[in-house]
Amino acid sequence: MSYTIALNFEDGVTRFIGCKAGETVLDAAYRQKVNLPMDCSDGVCGTCKGHCEQGEFDMGDEYLEEALSDEEAAEGQVLTCQMVPSTDCVIQVPVASTLCKASVGKVEGTVAMVEQLSEDSIELAIDLDDGAELAFLPGQYIHIDVPGTAEHRSYSFSSKPGESRTTFLIRNVPNGLMSGYLTDQCKVGERLSLTGPMGSFYLREITRPVLMLAGGTGLAPFLSMLEQLAQKQEDGQGGEAPVHLIYGVNKDDHLVKTEALEALKERLPTFSYATVVVDEGSDHPRKGYVTHHMDAEVLHAGDIDVYLCGPPPMVDAVLKHFDTQGIAPQSFHYEKFTPNQAPGEAA
């Protein structure tokens, strides 16, 4: 038996390794040429300390409290030299990937589909040469090289991990480098290069109600998260905590992928969603901003995990709304992007 361990480095790079049954994370990493920090490898120095965000493991009792205190262990801190996983795990490593010789993954693919969904949204599908080489956490992003240039743009996956075909929901930016390529030049069969995955915006283990807030093409990472949750539901691993999405756009015709959301609602009984349109002239039943539709029913008095992806003004407005209402979510994860950035690229 083997477990998949996601190592998230402080520079945003994620590297996936396999860990054999009974093997420590540190040994597994070194076996795969990822040099995690360490001095002693005996649970004495604490140099290999990280934080396990997800998964189950055994730490044994062979380490010193000076290396890892009971309080740190209770908070999810781990010593990778002692940590033996019993499930897949996600670990935060508090150093840059370059210091661990953990190179960023690279993969090539072929354009399978490019479609303009609305005036401001493009959907791109890429068939990877080897899908097994590109693992990611739902919500993360990847760099895509712009053909004919030395530039890249970063986009969040809208497909779930483990698929040979990856999809992206891309904002059509006027005079944008990638937007121009996709609308004027790109054809099915063309080759693209991708680098990643990256980012700390990803779905954590669900232990309480979840509120997802999407602005425009910020819907992309949530489609990936929801696909993952729906798959778990179909595999008999679904939870009971409600997941609610509020999806806001500027105009009626900017609402895209609603058919996908309806399908996800059928597959995932705990999922519900609401769409919101800013345009005052819209006939949409819910107008305004997402903050106008965050009522008590979805806020659960703060006993929620919040995920937010959208442009900076939206992120700032939501933060202000929580502060004004005196609500402090149990956890708050957000990604904000500017016009020349995609959902997933740090602003």
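In helix α5, which spans residues 258-267 of this predicted model, Ala260, Leu261 and Leu264 are buried, where buried denotes under 20% relative accessible area, exposed over 50%, and partly exposed the range in between, computed with a 1.4 Å probe and protein chains only. Helices (H or I, at least four residues) and strands (E, at least two) are DSSP runs, numbered from the N terminus. The three buried residues of α5 lie on the same side of the helix because they cover an arc of only 100° around its axis, the arc being that of the directions from the helix axis to the C-beta atoms. An α-helix has 3.6 residues a turn, so residues three or four places apart point the same way. The face of α5 turned away from the buried side carries Glu259 and Glu266, both of which are exposed.

The model is predicted, and local features accordingly require pLDDT of at least 70 and side-chain atom pairs pLDDT 80 or more, whereas totals for chains, interfaces and linings use all residues. Residues are numbered from 1 along each chain as its sequence is written, and side-chain values use heavy atoms, with hydrogens and water left out.

Helix α5 also takes part in a salt bridge, a contact defined by a side-chain nitrogen of Lys or Arg within 4 Å of a carboxyl oxygen of Asp or Glu. The side chains of Glu227 and Arg267 meet in such a bridge, with an N to O distance of 3.0 Å. Because Glu227 lies in helix α4 (residues 220-234) and Arg267 in helix α5, the pair ties together parts that are 40 residues apart in sequence. Glu227 is partly exposed at 22% relative accessibility, and Arg267 is likewise partly exposed, with a relative accessible area of 26%.

Across the whole structure, 13 salt bridges are found. One of these joins Asp303 to Arg208, with the closest N and O atoms 3.4 Å apart. This pair links distant parts of the chain, since Asp303 is placed in the loop between α6 (296-299) and β17 (305-310) and Arg208 in the loop between β13 (191-198) and β14 (210-215), 95 residues apart. Asp303 counts as partly exposed at 37% relative accessibility, and Arg208 is partly exposed with a relative accessible area of 24%. Arg208 and Asp303 further belong, with Asp305, to a network of salt bridges. In another bridge, the side chains of Arg153 and Glu151 meet at 3.9 Å, N to O, and Glu151 is partly exposed at 41% relative accessibility.

A patch of negative charge is formed on the surface by Glu65, Glu66, Asp70, Glu71 and Glu75; patches are made of residues with over 30% relative accessible area and no salt bridge, like charges being joined within 9 Å and nonpolar side chains (Val, Leu, Ile, Met, Phe, Trp, Tyr) within 5 Å. Within this patch, Glu66 is found in the loop between β4 (57-58) and α2 (70-74) and is exposed, with a relative accessible area of 69%.

Among the buried positions, Val95 occupies the loop between β7 (89-93) and β8 (106-118) and has a relative accessibility of 19%. Val95 and Leu36, although 59 residues apart in sequence, are 8.8 Å apart in space, C-alpha to C-alpha. Leu182, in helix α3 (residues 177-184), is buried with a relative accessible area of 5%, and its C-alpha atom is separated by 43 Å from that of Met1, 181 residues away along the chain.

Terms used. Accessible areas come from the Shrake-Rupley method with a 1.4 Å probe; for residues, only the protein chains shown count as cover. Lys and Arg count as positive and Asp and Glu as negative; His and the chain ends are not counted. The place of a charge is taken as NZ of Lys, CZ of Arg, CG of Asp or CD of Glu.
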